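Hi,

Here's the structure I promised to pass on. Have a look first, and my notes on cavities and cysteines follow below.

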Amino acid sequence: MPHGYCLSWRPELIASYVLGNGLIAFSYFSIPFFIFRFVRQRPDIEFKKLHWLFAIFIFACGITHVLHVVELWWPVYYIESLAVIITALVSLLTAITVWKLLPDFLEFPSIAQLKALNEKLRVAEVERRTSEERLRGMADSIPDSYLYEYTVDTDGTPRFRHIGPGIERLNGLSSTEVIADATRLFKQIDPEQLPEYRMTEAQSRSTLTDFSMDLHMRLPNGEWRWVHAHSRPRTDADGTVVWDGLATDVTNRHLFQSEINRLAQAIEQNPTAVQIVNARGELEYVNSAYTRTTGYQFGELYDQPREALFSSEVSAAEFVQIEEQVRSGRPWRGVQANRHKDGELHWEEITASAVFDSFGRMTHYLYTRQDITEREKLLLEVDLASRVLSVSNEAVMVCDAHNHIISVNPAFSRITGYTEAEVLGHNPGMLASGRHDSRFYAELWQAINKHGEWSGEIWNRRKDGAVYPEWLSIATFTSKSGEILNYVAIFSDITSRKAVEEQVRRLAHYDPLTNLPNRTLLQDRVGSALASAQRHHGRLALMYLDLDRFKNVNDSLGHLAGDALLVEMATRLKALLREEDTVSRIGGDEFVIALPGADAHGAASVANKVLHAVAESVSYDGHDLSVGVSIGIALYPENGHSYESLTQAADAALYRAKQTGRNNYQFFTTQLHARAQNVLRIESALRRAVERNELFLYYQPQFDIGGSTIVGAEALLRWHNPELGWVSPGEFIPVAEECGLILEIGSFVLNQAVQQQARWLQAGIPVVPLAVNLSLAQFRQPTLPLEIATLLDEYGLPARLLELELTESMAMDDPAFVVQTVDKLSELGVTLSIDDFGTGYSSLSYLKRFRVHKLKIDQSFVRDLPHSSDSEAIINAIIGMAHSLKCKVIAEGVETSEQLHCLHQNGCDEAQGYHFSRPVPADDYVAQLNGRRLREEIQ
């Protein structure tokens with residue numbers, strides 16, 4: 001039984017209650033679904049939120065009626081109460097919203113109004129269609145144009161919905177053909193334009209912007225036309241993009257534009273400057289030639305006053321006169337010296353004219369400006385040439401087509417002695433010297449007739465009969481048709497030039513001091529003698545001569561004395577030789593004698609004569625000068641078959657002669673050849689020794705004789721080559737000096753020594769001064785003091801720990817330079833010593849000026865101690881002199897205790913040699929520094 005507030009539920013009452021509430025709930029539930037469907041299918045409907053709210057309200061009402069039925073059996077009053085409250089809130093919210101939107105609802109048209117409006121729209125549509133038909137009719141009647149309605153199907157096929165009959169006149173196709181197949185029209189478009197067309201169409205479709213393009217189209221009859229297509233896109237109800245447009249024939253416009261472009265291009269490319277100014281004086285156009293002529297760009301002139309357009313110094317009054325004449329219709333022409341933008345003056349030929357419209361009103365000024373600077377220069381040059389010819393040192397003679405003289409300049413008269421009146425009308429043959437035969441003149445005229453010019457050396461005769469050489473140039477001047485107008489001859493007297501050429505030729509082949517053949521002429525003569533000897537199986541001897549002690553003459557008496565000695569030697573040598581022999585001075589005190597046909601016996605005989613002739617003294621300025629000569633001899637064919645091979649052999653023999661005591665002669669032998677080959681091998685390997693790390697330093701300690709301690713060391717260079725093995729310094733140092741590698745090697749030794757000393761010092765090793773030998777070439781470098789200062793600063797080595805050794809001969813090479821360099825080195829704080837002392841010829845006057853700290857006695861004197869009283873006397877003298885100069889003395893090459901004892905007795909300060917230690921590697925030397933002392937050899 002139902003449970004509820006009714007105490008007498010009857011079946012008919014229950015049925016009616018349930019049926020009534022159920023029908024009401026069903027009705028309430030069906031309305032929201034209707035609203036939901038209505039809103040979804042009508043996206044254009046307004047107040048969508050209100051519809052959704054009203055549907056929720058009705059749905060809530062349906063819920064309450066369902067709960068009424070449920071409560072008959074399951075009383076859920078709290079749930080019903082909650083549902084009622086929710087329904088009430090939704091109802092209230094709906095009511096408020098409806099009342100707020102009531103003014104908008106009241107503005108909605110009624111059904112009658114909507115019907116009236118619909119009728120108006122129908123009438124408007126009829127009128128629109130009528131107007132459209134009328135417009136299409138009017139457009140179709142416009143010549144050379146037609147309307148079209150165009151779209152693209154989903155498969156990309158173009159299609160025309162409508163196209164006017166004008167297409168037949170414009171494109172040669174009927175409307176029916178194009179509507180049936182639109183591609184027939186698109187095939188007329190120039191293929192080169194198709195990519196641009198497709199891109200423009202795609203952009204119009206995606207952005208719904210107007211399509212506008214000039215299309216170049218080829219008609220079926222082959223004619224080309226330009227068609228301008230302009231259309232506006234729209235979207236149909238189904239989303240299809242449709243273009244409504246108008247196509248117009250613009251061929252004439254393009255032809256006109258092309259004509260304008262050609263005209264503009266012609267003006268732009270015109271070499272004459274063009275500028276256009278309107279009647280108000282405002283600049284409107286200038287071409288490129290104007291920019292080139294004046295230097296001004298268009299933008300730079302836009303705000304300039306019109307007077308500035310001339311870039312000249314034309315006065316205002318002159319400018320007004322020019323304008324008045326132009327406005328009257330009369331062009332103005334003139335020449336002005338205008339100024340370029342950069343300030344440079346240039347000449348211009350200017351034309352100014354007026355441009356009038358169809359009503360006779362002046363609209364523009366037209367200026368043309370022709371740069372005539374070159375023409376003006378040419379006129380000046382012509383005038384200048386005329387004046388130059390009158391003062392030229394070169395003679396100018398002008399002849400007519402028949403080779404008769406019609407004009408000469410003053411130089412002609414000065415050179416030939418003939419006045420202008422004496423030669424006018426005559427043939428130039430009157431100047432012939434008679435030294436050239438008819439064949440010479442025939443070849444001359446043949447060249448003139450063939451090439452139009454001729455130039456060369458020729459001999460002519462002056463009026464007084466003197467014959468002289470001249471350089472003559474003849475040119476032919478012709479008309480445009482090729483007819484000969486004139487012959488112009490320009491010539492100059494080259495008597496002095498030929499004398500100079502002879503002098504130059506002699507200087508090129510002869511020594512200017514001794515007048516002997518130089519190296520060039522010697523090589524030529526030896527080459528000829530060798531060629532003759534090869535043909536006739538003959539012989540030849542080549543002798544290299546080098547004067548001994550010649551440098552002493554130069555250093556003591558000066559170069560004038562040396563030159564006088566060389567001249568005398570040249571005279572003596574020439575007197576000894578045959579006419580076919582050649583004696584040549586190839587530089588300095590070096591001579592070469594070539595003896596064609598001479599064998600070894602003949603060469604030896606000449607060499608002996610040379611030795612005796614050179615040995616005789618030469619008197620000069622009260623002095624008797626005596627020198628010797630060292631001679632090297634090479635023989636053909638034994639020692640070589642060419643000038644180069646013989647000179648190399650003779651040079652090697654000369655080197656041998658100097659090694660054997662000088663003032664003698666030596667023949668080239670196989671042993672000398674072997675030595676030369678060995679020198680080449682050493683030189684070749686030595687050039688790569690530094691980069692291959694084959695060079696390194698050994699160190700030989702130096703001991704204090706009195707205190708028996710190590711007080712210094714000498715850095716000695718060693719070389720080990722993978723192929724040559726250990727190479728003695730006595731072998732490779734002279735080679736390095738000869739081939740120019742000594743500078744690189746010397747810098748390497750100096751750098752390594754300073755760097756090693758600095759590393760030992762930083763490691764805390766008790767270092768002592770380290771001596772480094774300097775070569776002559778190294779010492780002569782002006783940058784030596786700077787190089788040493790840089791090394792000391794770079795590695796942080798105190799200058800007192802570096803000692804530089806100079807040989808005695810090096811110190812005497814150029815005493816003034818040596819003093820200057822030694823002073824600079826002493827200022828750095830390094831120690832300086834003279835090595836091999838006693839073997840040279842020192843000047844005591846210079847020696848006392850050297851700021852040196854130590855003299856080193858050569859081992860040749862130490863070797864004979866204590867058995868040679870002479871050596872001991874020399875050593876005693878050296879020690880005494882050194883101590884008087886406040887220098888220490890060190891003896892090298894000490895090998896025995898007897899030598900050491902003798903040196904100590906004579907007061908020598910320091911010593912080094914095998915008696916103490918051989919030169920050792922760096923590690924062994926450091927071990928000696930750390931503990932080894934001199935054995936007690938001296939009691």
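Which helices and strands each supply at least two residues of the lining of the largest cavity? Before the answer, one reminder: this is a predicted model. On the helix side, the contributors are H7 (183–186) and H8 (194–207). The strands that do so are E1 (145–152), E3 (211–218), E4 (224–235) and E5 (241–249).

Some context on that cavity. The search turned up three cavities of 30 Å³ or more, and the largest has a volume of about 200 Å³. Its lining is made up of 17 residues, and those closest to the centre are Tyr148, Phe160, Tyr197, Leu215 and Ala229. Sorted by class, the lining of this largest cavity has 15 nonpolar residues, plus one polar and one charged.

Now the cysteines. How many disulfides does a search of the whole structure find? Zero. Cys902, for one, is in no disulfide, and the nearest cysteine sulfur belongs to Cys908, 9.9 Å away. Why is there no bond from Cys908 to the closest cysteine sulfur? Because that sulfur, in Cys902, sits 9.9 Å from the sulfur of Cys908, which is too far for a bond; the cut-off for a disulfide is 2.5 Å between the sulfur atoms.

And are these two cysteines buried or exposed? Cys902 is buried, with a relative accessible area of 5%. Cys908 also counts as buried, at 5% relative accessibility, since the limit for buried is under 20%.

Cheers

Terms used. Residues are numbered from 1 along each chain as its sequence is written. This is a predicted model: local features need pLDDT of at least 70, side-chain atom pairs count only at pLDDT 80 or more; totals for chains, interfaces and linings use all residues. Side-chain values use heavy atoms; hydrogens and water are left out. On a 1 Å grid over the protein atoms alone, a cavity is a set of points where a 1.4 Å probe fits but cannot get out, and a pocket is an open set with protein on both sides within 12 Å along at least five of seven lines; lining residues have an atom within 4 Å of a point. Grid points are joined across faces, edges and corners, and a volume is the space filled by probe spheres set on the points. Helices (H or I, at least four residues) and strands (E, at least two) are DSSP runs, numbered from the N terminus. Ala, Val, Leu, Ile, Met, Phe, Trp, Tyr, Cys and Pro count as nonpolar, Asp, Glu, Lys and Arg as charged, and the others, Gly among them, as polar. Buried means under 20% relative accessible area, exposed over 50%, partly exposed in between (1.4 Å probe, protein chains only).
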